[in-house]
Amino acid sequence: MSDKQRLVLSIIDFLNQSIQDGTVKQDDQESLEVAIQCIGEAFGVDPSNEEQAKRLSVKPATLPSIFDVFIKTREKMGSTASSSASSSAPAQPAAPTEADKAEAEKLKAQGNAKMSTKEYDAAIDLYTQAISKDGTNAVYYSNRAAAYSSKNDHQNAINDAEKALEVDPSFVRAYHRLGHAHYSLSDYQSAADAFRRGLELDPTNANLKTGLQSAEARLPKEDDDLPPLEPADASTLSGAGAAAGAGAGAGAGGLADMLRGMGGGAGGGAGGMPDLAGMLNNPMMMQMAQQMMANGGMERLMQNPGVADMMNRMQSGGGMPSMADLMSNPALRDLANQFGAGGGQ
């Protein structure tokens, strides 16, 4: 009961104070005095009893001061709860004032000046200050990404480029920053994706086009998965010739040996013909032959009647075909031209 009596005494003190300081109008004072008397009697509280008042008093606190503390505490706790509830949501940058925006622009200009003198750490610091003034401007994140890339810190460049696009998904330059950073880390697929997304917004952007071409050129091709061809052994000549009509694989071996025989020694063949044996041992040449086999070109070549006739003559001991025989066959002439074109790369 004593706690309730303390509260009642605090209420009575508050009401008496309101009468004394004029908070309550003169016409209402008498009614309030009657109410005070009734409240005191109902809870057994007599403000005129000094011993009881001393025992129940909460001074120096007063009812208004206690209530004020309660309101402030509740507001603070409510704000904390609201902050905790929204902690999982992405933080939105506060709306900058006009003064903040002006200061951010000055800091950006100073950062650009540091970039021109290759003081990248100083530039990063200035761009960071600009972001603290105005976190709603994608340019500041993009510029800081460029500074990070300039000092080969490409992972932080990726983070800033993505932040710039989070702030403004239509900011084309950030796609180039993002693609460049991925490319520098040899992540060519992600680089190509970034350049491609930028080109969807700006199809004529030359930098994005160049970046996309460079990234796509580094991506693995289907032909890269083909196993390398091994040089044919001269001992396989007769077997390859007998199997000339069986398919591209056997035909390729027979043709390789036929050309080796024509090429002679290391110094080249008759009539100024290049050293075909050396060419066939060249990995680039063998890759060309490999590609011909992959797309069916070798199979079509071995089905050529002229080629089949030459292979049969060789098998029966008729000797190697002459240069004139080779050049009279369009399929072999084209093949020789292909090998000749590949030799200078």
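**Exercise 1. Identify the residues with the most contacts inside the largest nonpolar core, and the helices that supply this core.**

Solution. The model is predicted: local features require pLDDT of at least 70 and side-chain atom pairs pLDDT 80 or more, whereas totals for chains, interfaces and linings use all residues. Residues are numbered from 1 along each chain as its sequence is written, and side-chain values use heavy atoms, with hydrogens and water left out.

Step 1. A nonpolar core is a set of buried Ala, Val, Leu, Ile, Met, Phe, Trp, Tyr and Cys residues joined through side-chain atoms within 4.5 Å; buried denotes under 20% relative accessible area (1.4 Å probe, protein chains only). The largest such core has 27 residues, and Met115 and Leu178 have the most contacts inside it.

Step 2. At least two residues of this core come from each of α5 (98–116), α6 (120–133), α7 (138–150), α8 (154–167) and α9 (172–184). Helices are DSSP runs of H or I, at least four residues long, and strands are runs of E, at least two, numbered from the N terminus. The most is given by α7, with seven residues.

Step 3. Another core, of ten residues, lies apart from this one and includes Val8 and Leu56.

**Exercise 2. Describe the secondary structure of the protein and of the annotated span 104–137.**

Solution. Step 1. The protein has 19 helices and zero strands.

Step 2. An unreviewed UniProt entry places "repeat: TPR" at residues 104–137, 138–171 and 172–205; such annotations may be inferred rather than shown by experiment.

Step 3. Residues 104–137 are 79% helix and 0% strand, with end C-alpha atoms 9 Å apart.

Note on methods:
Buried < 20%, exposed > 50% of the residue type's maximum accessible area, 1.4 Å probe, protein only.
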